[in-house]
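Trainee: Please choose one part of this structure and examine it closely with me. I should like to understand how its side chains are placed and how it fits into the rest of the chain.

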Amino acid sequence: MPIIKPAAVAPNAPSQHKQPSRKGKKAWRKNVDVTEIQEGLEEVRDEIIKGGVIAEKTSADLFAVDTTGDVAIPKKFLKGEKKLKCDEILAQRSAVPAVSMRKRSGDNTTNGIIEPKRQRTSYVSHKELNRLRNVADGRSEKAVVEVQEASFDPWDAERDAAEVRQDPRFSFLEKTKKKVAPKTLKHKPISLAASGKEIPAVKKPEGGFSYNPEYEDYEARLIAEGEKELEAEQKRLAVIEEERIKAEASAKSAAEAEAAEARADLSEWEEDSAWEGFESGTEDVRLNAKRPERKTQVQRNKIKRRKEAERQAKMAADIKKKNEQAAQAKKISKSLTAKEKLKSMALVASPLDDEESSEGDDLELRRRKLGKIQLPERDLELVLPDELQESLRLLKPEGNLLKDRYRSLLVRGKVESRRPISFAKKAKRKATEKWTHKDFMLH
């Protein structure tokens with residue numbers, strides 16, 4: 001809402017400030033100066049708007065007596081004065097009450113452990129007494145609970161058939177099919193261990209996994225993990241070196257292609273600039289070159305014998321190669337049969353293996369995985385020598401239990417490895433307006 005303000009410049013009546021004479025038109029009433037009167041009236045109106053005319057108010061309404069004084073003045077002038085140390089000490093007051101000096105009995109002091117309340121066997125509460133009286137008089141409604149037999153059977157086939165039975169009025173509709181579990185749900189999960197053995201959900205740790213292990217076990221595990229990391233680093237460096245060699249070869253081939261193109265352009269320019277019929281190559285042509293003569297029968301027979309010898313040598317080499325391959329296949333089959341025999345003998349000798357040999361290891365996995373997504377890497381469960389602690393309480397907690405359990409499910413073949421899809425493709429929906437509102441009849 002706009003604020004209405006009075007005009008900045010009030011319209012003044014016609015005025016004549018200097019009146020040396022009153023005998024002309026300048027001395028008429030309309031030319032009298034009334035500026036002071038107008039200003040006085042405006043001031044009175046402003047005072048009325050602000051609360052009343054000041055001249056008509058009493059002194060009690062216009063003035064107030066200050067009995068307290070300004071608080072900022074002592075702060076301003078007494079800022080330089082510093083309190084004494086004794087006054088500061090006496091001014092300090094703690095919110096915690098002082099320790100009582102009187103003696104207290106030792107029964108009231110506790111160690112902070114709240115002891116359970118002991119039930120009084122010789123005392124019966126009023127509520128319990130009323131309940132027992134009602135039970136004795138037979139007035140208790142909740143004293144006896146009637147047990148009804150369970151009538152609902154979740155595995156009842158007749159009930160399922162009754163539910164599937166369809167109303168004859170809706171015979172044209174497709175019958176609802178009951179959900180059936182897939183066959184693979186009853187199959188045994190496939191272990192991803194390289195040995196094919198089942199991997200336990202929680203494997204029993206070895207001596208090197210302890211928070212305070214023995215020196216020999218810890219050293220062997222540290223060396224093994226170090227060799228793995230070194231091999232991975234060497235593979236990474238080999239990949240980088242191979243990429244560098246490929247880049248250099250591609251750059252070199254591109255430079256050679258550019259040089260060959262430049263030479264081709266230069267040769268084309270030289271051919272265009274050469275004079276037709278007087279090129280430099282025509283002077284060296286020998287006009288008396290010897291023409292090729294027809295071969296004699298002896299030469300033809302010699303060539304035929306050489307080709308036949310080459311064919312026989314090639315055939316002999318092929319036969320020799322086939323014989324070597326057959327001998328190698330026999331050798332491999334013999335070694336495989338020997339291995340199978342040794343394996344069967346070992347199984348016969350020890351039909352029941354101990355737990356350690358029957359359990360698989362997730363350190364070495366087979367190549368063929370479940371699904372197309374690669375398995376997550378196993379966390380390195382190793383503490384450096386300077387981080388070893390003598391007490392389990394001082395050990396720093398590491399790892400993620402959720403990731404560890406998820407990887408255990410993947411390795412044991414319970415679930416397939418998946419990857420979260422953050423931006424999944426959604427079906428395109430097109431909003432249209434039906435024209436049924438135009439189908440109306442005028443009566």
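**Charged pairs and their setting**

Mentor: Arg405 is partly exposed, because its relative accessible area is 30%, which falls between the limits of 20% for buried and 50% for exposed. Please keep in mind from the start that this is a predicted model. The side chain of Arg405 meets that of Asp404 in a salt bridge, with 3.3 Å from N to O. Asp404 likewise counts as partly exposed, because its relative accessibility is 35%. Elsewhere, Glu241, Arg244 and Glu248 are joined into one network by salt bridges that share partners.

The search of the whole structure yields 13 salt bridges, and two further examples repay attention. In one of them, Arg236 pairs with Glu233, and their closest N and O atoms are 2.4 Å apart. Both residues belong to helix H7, where a separation of three residues amounts to about one turn of the helix. Arg236 is partly exposed, because its relative accessibility is 43%; Glu233, at 34%, is therefore placed in that class as well.

The other example joins Lys246 and Glu242, with an N to O distance of 3.8 Å, which still satisfies the cut-off of 4 Å for a salt bridge. These two residues are four apart in helix H7, so about one helical turn separates them. Lys246 counts as exposed because its relative accessible area is 55%, whereas Glu242, at 45%, is partly exposed.

Let us now turn to a buried polar residue. Ser191 is found in the loop between helix H6 (157-164) and helix H7 (215-273). Its relative accessible area is 11%, so Ser191 is buried. The side chain of Ser191 comes to 2.7 Å from the backbone oxygen of Lys197, and a polar atom of this side chain is 3.4 Å from the backbone nitrogen of Ala193. Leaving aside residues up to four places away in sequence, the contacts of Ser191 include Arg366, Val411 and Arg412.

Another loop residue is Gly371, situated between helix H9 (355-358) and helix H10 (401-411). Gly371 is partly exposed, because its relative accessible area is 41%. Although 44 residues along the chain separate Gly371 from Val415, their C-alpha atoms are 9.5 Å apart.

A nonpolar group at the surface gives a contrast to the charged pairs. Phe63 lies in the loop between helix H2 (59-62) and helix H3 (72-77), and its relative accessibility of 61% is why it counts as exposed. Together with Ile54 and Leu62, Phe63 makes up a nonpolar surface patch of about 320 Å² of accessible area.

These details belong to a chain with ten helices and zero strands. Of its 443 residues, 6% count as buried. Where contacts join residues at least 6 apart in sequence, 63% of them link residues at least 24 apart.

Finally, confidence should be weighed. The mean pLDDT of the chain is 78, and 76% of the residues reach 70 or more. Helix H1 (residues 35-50) has the highest mean among the elements, 92, and H9 the lowest, 54. Over residues 351-356 the pLDDT is below 50, and the model gives this stretch zero contacts beyond near neighbours in sequence.

How values were computed:
Residues are numbered from 1 along each chain as its sequence is written. This is a predicted model: local features need pLDDT of at least 70, side-chain atom pairs count only at pLDDT 80 or more; totals for chains, interfaces and linings use all residues. Side-chain values use heavy atoms; hydrogens and water are left out. Patches are made of residues with over 30% relative accessible area and no salt bridge: like charges are joined within 9 Å, nonpolar side chains (Val, Leu, Ile, Met, Phe, Trp, Tyr) within 5 Å. Accessible areas come from the Shrake-Rupley method with a 1.4 Å probe; for residues, only the protein chains shown count as cover. Buried means under 20% relative accessible area, exposed over 50%, partly exposed in between (1.4 Å probe, protein chains only). Contact means heavy atoms within 4.5 Å. pLDDT is the predictor's confidence in each residue, from 0 to 100. A polar contact is a pair of N or O atoms within 3.5 Å; within protein, one must be able to donate a hydrogen and the other to accept it, and residues adjacent in sequence count only if both atoms are side-chain atoms.
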